[in-house]
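Here is a quick tour of a single chain, written for someone who likes to poke at coordinates. Have the viewer open as you read.

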Amino acid sequence: MIENYIVTILVSLALGSIVVLVALVKLVKTNIHATMFWNEIVLEKITNFVMDQSKEQRILNSVSYNAIRGNPQSVLDCIDKYCSKTEWAMNVGDEKGLILDKIVEETDPSVVLELGTYVGYSAVRIARLLKPKARLLTVEFNPEFASIAKEIIEIAGVNDKVTILEGHSEDIIPQLKKKYEVEKVDFVFLDHWKERYAPDTILIEECGLLRKGSVLLADNIIYPGAPEFIKYIRNNKRFECTNYPSHLEYMKVEDSMEKAVYLGPDAE
């Protein structure tokens, strides 16, 4: 009698565990918040602990071992392959990267400001399209990310065009004119903390860094979203906006990019 009772309990627990596991798998596959929690909190932390290194270091290792040195496209392909098949990471990615390419080529900038370097993917993507003597200043507050990005940018062979500025955007933007000799920026790529999109856009304008025709491009407008930026930029007569629907990097989740052309301080 007792044995039967124990067997019943064990079978019930096993079945219950299977049901919970199936439910969790379905949730991770269908809910973006659950997917990101699994990728960024659970799976990444476990892998970091087991391998005793960060995800970003593993991306660098993949690039070091597999990419062709001096070939920016090879570096981008290597990162895209790793992040789509092995570990998700917050690069702009291959799909939205084509939108970024198109707007950089149309703008043909001499001075580019990027907010949010991460591992240097978008910096490589932009720098490979820049004309001779053009330059890209990219801002990153995380020292580990900045160090890894420096190595990846060097492997890609575009380090002569890219300068990594380590620190917080709100501290670096006011220093651009005097410390880094930036008169105006032709193109700004916003891909850092989403809550900083609006205040940093305002700060860039207040610091006199925009000229008539300067282009801003903001990533992740839908996920995780930048509602304050969208509210500010679309209701501002000094900017002409265009939205580019796309998908979250390496996923089939709806996302978009927002382009804003600066019409000048006196635009009405």
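## A cis proline to start with

Where is the place of Pro-224? Pro-224 sits in helix 11, which covers residues 221–225. Keep in mind that this is a predicted model. The peptide bond leading from Tyr-223 into Pro-224 is cis, and its omega is near 0 degrees.

## The chain as a whole

Zooming out, the chain has 12 helices and seven strands. It runs to 268 residues, and 50% of them count as buried. The accessible surface adds up to about 14,100 Å², with 58% of that belonging to carbon and sulfur atoms.

As for contacts, take those in the chain with a separation of 6 or more: 73% of them are between residues 24 or more positions apart.

## Helix 2 and a nonpolar patch

On the outside, look for Ile-46, Val-50 and Met-51, which make a nonpolar surface patch of about 310 Å². Val-50 belongs to helix 2, residues 32–51. Is Val-50 buried or exposed? Its relative accessible area is 64%, so Val-50 is exposed, the cut-off being over 50%.

## Helix 3 and Ser-62

Helix 3 takes in residues 55–66, 12 residues in total. From first C-alpha to last it reaches 16 Å, close to the 16 Å you'd expect at 1.5 Å a residue. Its buried residues include Lys-55, Glu-56 and Arg-58, along with Ile-59, Leu-60 and Val-63.

Ser-62 is also part of helix 3. Ser-62 has a relative accessible area of 11%, so this residue is buried. Which residues is Ser-62 in contact with, leaving aside neighbours within four places in sequence? They are Ala-67, Cys-78 and Tyr-82.

## Aromatic pairs

How many aromatic pairs does the structure hold? There are four. One of them is Tyr-118 with Phe-145: the ring centres are 5.0 Å apart and the planes stand at 90 degrees, so this pair is edge-to-face. It links distant parts of the chain, since Tyr-118 is in the loop between strand 1 (111–115) and helix 6 (121–127), while Phe-145 is in helix 7 (residues 143–156), 27 residues apart. Both partners are tucked away: Tyr-118 is buried at a relative accessible area of 6%, and Phe-145 counts as buried at 14%.

Then there's Phe-239 with Tyr-262, where the centres are 5.3 Å apart and the planes are at 55 degrees, so the pair is tilted. Phe-239 lies in strand 6 (residues 239–247) and Tyr-262 in strand 7 (residues 254–262), so the pair ties together parts that are 23 residues apart in sequence. Phe-239 and Tyr-262 are both buried.

## Two tyrosines with positive phi

Back to Tyr-118 for a look at its backbone. Its phi is positive, about 50 degrees, although Tyr-118 is not a glycine. As noted above, this residue is placed in the loop between strand 1 and helix 6.

Tyr-250 also belongs on the backbone watch list: its phi is near 65 degrees, a positive value in a residue other than glycine. Where is Tyr-250 placed? Look in the loop between strand 6 and strand 7. Why does Tyr-250 count as buried? Its relative accessibility is 16%, and buried means under 20%, so Tyr-250 makes the cut.

Conventions:
Residues numbered from 1 in each chain as written. Predicted model: local features only at pLDDT ≥ 70, side-chain atom pairs only at ≥ 80, totals over all residues. Heavy atoms only, no water. Patch = residues over 30% accessible without salt bridge, like charges linked within 9 Å, V, L, I, M, F, W, Y side chains within 5 Å. Areas by Shrake-Rupley, 256 points an atom, 1.4 Å probe, with all protein chains shown as cover. Salt bridge = Lys/Arg side-chain N within 4 Å of Asp/Glu carboxyl O. Helix = DSSP H or I, 4+ residues; strand = E, 2+ residues; numbered from the N terminus. Buried < 20%, exposed > 50% of the residue type's maximum accessible area, 1.4 Å probe, protein only. Expected span 1.5 Å × (residues − 1). Phe/Tyr/Trp six-rings, centres within 6.5 Å; stacked < 30°, edge-to-face > 60°. Contact = heavy atoms within 4.5 Å.
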